[in-house]
Amino acid sequence: MWIRNQILTKEASKTSVKLISLFFKNYFFNIYFSKAPRPPQHQQRIFVFAISVLLLSHLVFSSASTYATELTCPKEIFQGGITIITICGDGDIIEVKGSFDTRDVYFNSTSLSGTYFGLLSANLTAKPGIKRLNITVKKSDGTKEMIGREIMVKDGNFKTQHLTVSKKWVQYSAEDLKRIKEDNRIVGALYRKATGTMLWSKPFIMPLEGRISSEFGLRRFFNGKPRAPHSGIDIAQPSGTPVSSPNDGRVALVRDMFFSGNSLFIDHGQGLYTMFFHLSEFAVSEGDMVIQGQTIAFVGATGRVTGAHLHFGVRHTRNKVSPWDIVNIVVP
Ligand SMILES: [Zn+2]
């Protein structure tokens with residue numbers, strides 16, 4: 001028994017070292033070395049999480065002699081945030097399932113024995129406050145272990161933005177309303193139909209480089225009237241500039257929509273979608289499998305826009321989440 005404990009302790013320490021190096025890659029590398037522009041608030045949220053991760057990793061080390069299944073997750077998440085969480089146990093784990101607030105958290109095994117990862121997200125419009133994370137760990141002997149945490153969803157303190165557009169975009173005709181309703185119905189059905197298989201494994205990349213003309217989360221006013229907050233980032237580039245797929249996936253929807261113009265949605269599996277709006281042309285069709293870096297479309301100025309740009313958005317289990325957060329995630 002003593003020898004078994006020693007082996008488990010050694011295994012746990014090895015896994016801890018791997019996890020710490022993973023989180024260094026995930027967070028510190030991005031804070032100090034990544035050239036991608038980010039709002040200061042984003043850097044702050046990553047930093048806070050990195051500190052929490054290091055403290056939790058330390059706990060894994062110090063409690064290794066009484067080794068049990070460990071959950072590594074942040075204590076807080078901002079509105080519109082998405083981050084990686086890990087479950088680290090012995091090789092007996094066969095399945096991990098979870099939920100956060102009203103949404104599922106899907107888990108996948110990693111290259112590290114007994115280690116699983118999941119994505120945790122909070123909607124851009126989530127009410128700030130404490131939400132419950134519940135995880136069920138199933139072992140090969142049929143036993144189940146329940147792990148629960150309380151995580152604080154914090155106010156993103158997003159700035160406001162005032163835009164002036166032609167009347168057509170704020171006063172809708174009966175025909176426009178019919179179109180808007182139909183767009184919402186089709187897109188809503190798409191988000192609810194989460195596919196099981198995870199289609200990506202590499203870190204996400206930006207679909208286009210360029211000046212950020214509108215940030216994620218802005219509280220928007222069109223012609224002085226409040227509208228939905230900005231659910232993606234706008235990257236300004238001339239019409240016709242190629243747009244790359246940020247990761248592997250399947251083209252789930254290609255549609256000309258009222259607000260977002262020519263729109264393309266990629267399903268990456270397990271409720272994770274990326275979307276590309278205001279395109280001039282599509283380079284792929286619905287049902288196509290795409291790989292990271294492949295040209296999927298071209299920048300345009302279709303739909304409700306003030307100039308040519310790409311709107312890049314991310315949804316996770318129906319939550320509107322920050323594209324900046326998704327490109328920071330590194331899978332163990
Ligand atoms: Zn936009």
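This briefing walks through confidence, core, strand pairing and a few individual residues in the structure above. The model is predicted, with an average pLDDT of 84 over the protein. In it, 80% of the residues score at least 70. The largest nonpolar core holds 54 residues, and it draws at least three residues from each of domain 1 (2-154) and domain 2 (160-326).

**Where to read with care**

- Residues 1-10 stay under a pLDDT of 50, and the model gives this stretch 5 contacts beyond four places in sequence.
- Residues 27-41 are also below 50, with 18 contacts in the model beyond near neighbours in sequence.
- Where pLDDT is low, the predicted coordinates should not be read in detail.

**The nonpolar core**

- Ile87, Leu120, Leu264, Phe276 and Ala297 are the core residues that touch the most other members.
- Strand E17 supplies the largest share of this core, with 6 residues.
- Phe276 makes contacts with Pro207, Val243, Leu264, Ile296, Ala297, Leu310 and Phe312, leaving aside neighbours within four places in sequence.
- Two of those partners, Leu264 and Ala297, are named together with Phe276 among the core residues touching the most other members.

**The sheet of E14, E20 and E18**

- These 3 strands make an open sheet, ordered E14-E20-E18, with antiparallel pairing.
- Strand E14 (242-244) and strand E18 (281-282) are the edges, each pairing on one side only.
- Strand E20 (residues 295-298) is joined to E18 by 2 bridges, and the two run antiparallel.
- Across this pairing, Glu281 stands opposite Phe298 of E20.

**Strand E13 and its partners**

- Strand E13 covers residues 232-236, and 4 of its 5 residues are buried, so the strand is mostly covered.
- Strand E10 (residues 211-214) pairs with E13 in the antiparallel sense over 3 bridges, and Arg211 stands opposite Ala236 there.
- E21 pairs with E13 as well, again in the antiparallel sense, over 4 bridges.
- In that pairing, Gly232 has Gly313 of E21 as its bridge partner.

**Two residues with positive phi**

- Most residues other than glycine have a negative phi.
- Gln270 is not a glycine, yet its phi is positive, at about 55°.
- Gln270 sits in the loop between strand E16 (261-269) and strand E17 (272-279).
- Although in a loop, Gln270 counts as buried because it has 21 C-beta neighbours inside 10 Å, and the cut-off for buried is 20 or more.
- His278 also has a positive phi, about 65°, and is not a glycine either.
- The place of His278 is in strand E17, and His278 counts as buried because 25 C-beta neighbours lie inside 10 Å.

**Thr302 and its surroundings**

- Thr302 lies in the loop between E20 and strand E21 (310-316).
- Is Thr302 buried or partly exposed? It is partly exposed, because 18 other C-beta atoms lie within 10 Å, while a buried residue needs 20 or more.
- Beyond neighbours within four places in sequence, Thr302 is in contact with Gly261, Asn262, His278, Leu279 and Ser280.
- One of these contacts, His278, is the positive-phi residue described above.
- Thr302 and Asp256 are 46 residues apart in sequence, but their C-alpha atoms are 8.7 Å apart in space.

Technical notes
Residues are numbered from 1 along each chain as its sequence is written. This is a predicted model: local features need pLDDT of at least 70, side-chain atom pairs count only at pLDDT 80 or more; totals for chains, interfaces and linings use all residues. pLDDT is the predictor's confidence in each residue, from 0 to 100. Two residues are in contact if their C-beta atoms, placed from the backbone, lie within 7 Å. Two strands pair if DSSP finds at least two bridges between them. A residue is buried if 20 or more other C-beta atoms lie within 10 Å of its own, exposed if 12 or fewer, and partly exposed in between; C-beta atoms are placed from the backbone. A nonpolar core is a set of buried Ala, Val, Leu, Ile, Met, Phe, Trp, Tyr and Cys residues joined through C-beta atoms within 7 Å. Domain bounds come from an automatic or database domain assignment.
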